[in-house]
Amino acid sequence: MKYLLLLFCSITVFSYSQNTGSVVGKLTDKEYNNEPLAFANILVKGTTKGTTSDFDGLYEIANLDPGNYTLIYSFVGYETQEIPVIIVAGKVIEVNVPMGASAAALDEIIIKAPVAQRESETALLLQQKKAVEIKESIGAQQLSRLGVSNASAATSKISGVSKSDGTGQVYVRGLGDRYLTTTLNGLPIPSDNIDKKNIDLALFPTRFVQNVSISKTFSPNNSADQASGNVNIESKIVSKNKDIGLSFTGGVNSNVGDGEIFNDFKVTANNEDLNLGVYSRAYSQDELSNAITEQGWDTRTTSLPLDYSFGFNVGGKLGESKKVNLYLSGGQSVSHEYREGEFFEYDQGNLRDSVPDNDNRRWLRTINTTGMFHSQFKINDDNRIKLNTFLVNKVVEETYEAGRQRSTIVFEELDPPSRGNQFVRDQNIKNTILSITQLIGNHRFSDKNVLDWGAGFNYVIANEPNRIRNEFNILNDDANTAENEDGIVQFGFTGGTQQRKSVQEITDQELNARLQDKIILKESEDGDDIYKLTFGGDFRNKQRDFTSQFIGVTEASRGLFTIPSLDQVSEIFTQRNFDIGALRLQELPIDTYQGELTSFAGFIDFIGVFHKFTAQLGLRYQNDEIDVNFDVGNFVNQQTGQSRIGNSLQNYERLYPSFNLKYDINDKMALRMAGSLSQTLPEFKEIAPFQYVSPENQVTQGNPDVEASKNLNIDLKFEFFPSDDELLSVTAFYKRIEDPINRGLQRGGEDIFSYFNTGNEARVIGGEIEGRIYLIKKGDSLPNLKLSGNVAYLNHTQDLKEIRDDNGNLIQTFRYGGMDEIGLEGASDWITNLALTYSSGGKYPFEITFSGNYASDRIFSLGAPRNQNQPDVFLNGEIIEQGVVTLDFILNKEINEHLSLGLSAKNLINPTVRRFQRNQSSVTGIPSKDTILTYNRGTNSSLSIRYKF
């Protein structure tokens, strides 16, 4: 109806003017089932006269003098078409044009339409080419080809980015979690894990994602709390009148597929409270003591631990006017993992804890249930409002055992040690419920003034509702030998909480908002922006409430009970044994901390285009206040008997200048330079001195004295675009970080980790090479072969400082082992990502991709002196995570326009993840490099089916 109305109006108007003619029509997208193609360009060749197709693909060029013309139809990533037309006075000529994907080079037509809506690799490359800042993106189209299932895996396909198999962290240019920020549609989003600043990007399946981009240089409209970049996820939007699909994936992990593990996969005692991915909590924190006798302590097993996921999406444009767009997507994924490996702990070069390879076992089960709702209301061509809602329910069920084979020593209670060994079991369910709600508006007041705004509310509940821990001694029958026959099992007896249940609750609430106005001050005749001014501000308030409590069980007298079996612990923890006084409850004080981050900022950004030279100058004012109040009595200081109670209040009010310079050598090559100042704020968990105990009994706690870092960033980049979907680039960068924050071992602590400003300054000098080129050029219905890859090298170091008083007396030192400098925590010297993709071509091609990643050794934690007066003798060295190579295989086959199949094998090499520690004997002084942790994650093989209606 709209098209007919347009045609009718055009005929009516021109019936009054017999001296000119016009052309009307509709552009359709052959790549999307002939859906309307919005924002394409139509230009009358040889003139500046033209137009842009509207949201329904319709266009009109009026008041053309009679004669012969050639119309040029173009859109990013699509074949440019030139169509001759003859204009007759008083007539309306109709030209409808279907547009298909392009294999040609980028032409010189200026694309003014917003290309961020596109998902193709071609469109994103052009966006990268046109952008002033150094920015790289990967879209849904490329994610599908690489077999990427979520946003986390997507980031590792971008140059200079790696992901740790050991910690799951994403590293950009060698800098980890604390140096990144993550946004969704430009608004900040929360972390789902107390240990992380950024959200686990694996929670965003690719059906939610339009593209993932990383801005590696600071822009004034983004938070200054970054040193390596900002990861932004653009959520899926409606691109068709009807968009309905279903998907299902099934697979298995090779470690889990082993016969014994597959038939009896171990889960926690609370597994029965987990149904359909939803955990039903039986006891609240103030009732946790009831769980001691009313809930079990013994693990359970499940069979057929297959991995699977299913998802759906349904959306479209409603009504004849297509003003309302709706998109709903949801699904669930279930994965299983089993690990075996070694664990050792050293103190001053002496082995303390020892868990051999066959006695250190971990079972992991993860269930992610996700939902997304997107709606867009088009008030008119100049005003749009979007509502985005994301819901995540994540359950991680972890069961850990060490010592079942009676070859483990993990706590020092037996004297002599030959009297026996120890057994440790830790059962934990982590349940995170996360919601993100965003309201976003776009208003075009004129061709030279556009206002964007957004507001968001984030809410997170992250609980460990009933963590169970047992520590036992398994005694030898003969105390004078190391022989273990039947073995007598008794409770551990140190500390009163070795048999315990604990609860941890986190509630985060955040309000955020942004407002920015773009004004074109001067524009060239062909529509290029010559001078553009952007200004605005943003606000963020994040509040956290944290509580934790331990309830231990002790015997009335040591050795009173003998455990009948490692799998029959519940028979001891009965109400009768408490009633008769044989067992006692030990409730530790509740640990709490409250954190609040208040941040507000204003910015101004100027862009000027001077022929081939573009300059962006920006300035951001940002005020950040971090207020953390803590009352942590759980782990009492054994010397003073006092708990840690206090407050850490920090305020940072600074100006952050930035510049981006770009010189277009020609239409295919450009040279860029960028510089900025930024900061790195400490997180709540890095400040609050709560001690979190890992299953291996390693402790991590915050440090109220840690402070923000200041960063200087400089980048130089050369880009070459051989064609519209090929790229070659070389980048050099430099970063200087004042007061760098590092995770390190505490001085005097035995495997206690904390966070420190370990040095006065760190620097990173690096380079990147990236390429996306065709080894066999693509053509219509012809096979092609494409190589995509990047290599990054980093040279990084930081000083290790000494802190002295006014009289020169040493207060604290971070130097040890004769070192006064060391590399940055989390940084790898080399990072490599490669992908080779073969496509058969044709209407329904199949694609085969081999992709590999490598990140060299990185520091997991800095070491520390055991005695600061003799740091070269008494020390615990840094812990290194060894670099590994990963290799994936992905095959995708389109059966027809509705059905496609996928086959993948991830982590084919299945390398051993290894951490080792640089140690030195305090007795002999002999240095050593000792393995402290090993495991492998197995190969994940899966088959997927996708159907589009």
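**View 1. Burial of Phe-573 and its stacked partner Trp-297 in the predicted model.** Phe-573 has a relative accessible area of 2% and is therefore buried (under 20% relative accessible area, 1.4 Å probe, protein chains only). Trp-297, at 0% relative accessibility, is also buried. This is a predicted model, in which local features need pLDDT of at least 70 and side-chain atom pairs count only at pLDDT 80 or more, while totals for chains, interfaces and linings use all residues. Residues are numbered from 1 along each chain as its sequence is written, and side-chain values use heavy atoms, without hydrogens and water. The structure holds 19 aromatic pairs (Phe, Tyr or six-membered Trp rings with centres within 6.5 Å). For Trp-297 and Phe-573 the ring centres are 4.1 Å apart and the planes lie at 15 degrees, so the pair is stacked (planes under 30 degrees apart). Trp-297 is in the loop between α6 (291-294) and β21 (300-302), and Phe-573, 276 residues apart from it, is in the loop between β32 (529-555) and α7 (575-579) (DSSP runs numbered from the N terminus: helices H or I, at least four residues; strands E, at least two).

**View 2. The stacked pair Phe-423 and Phe-472.** The centres are 6.2 Å apart, with 15 degrees between the planes. Phe-423 belongs to strand β28 (residues 420-446) and Phe-472 to strand β29 (residues 449-475), 49 residues apart. Phe-423 is buried at 0% relative accessible area, and Phe-472 is buried at 0%.

**View 3. One aromatic cluster.** Trp-297, Phe-423, Phe-472, Phe-491, Phe-561 and Phe-573 make up this cluster.

**View 4. Charges over the rings of Phe-860 and Phe-916.** The charged end of Arg-743 sits over the Phe-860 ring, 4.1 Å from its centre (criterion: NZ of Lys or CZ of Arg within 6 Å of the ring centre and within 35 degrees of the ring normal). Lys-929 lies over the face of Phe-916, 4.5 Å from the ring centre.

Methods. Phe/Tyr/Trp six-rings, centres within 6.5 Å; stacked < 30°, edge-to-face > 60°. Buried < 20%, exposed > 50% of the residue type's maximum accessible area, 1.4 Å probe, protein only.
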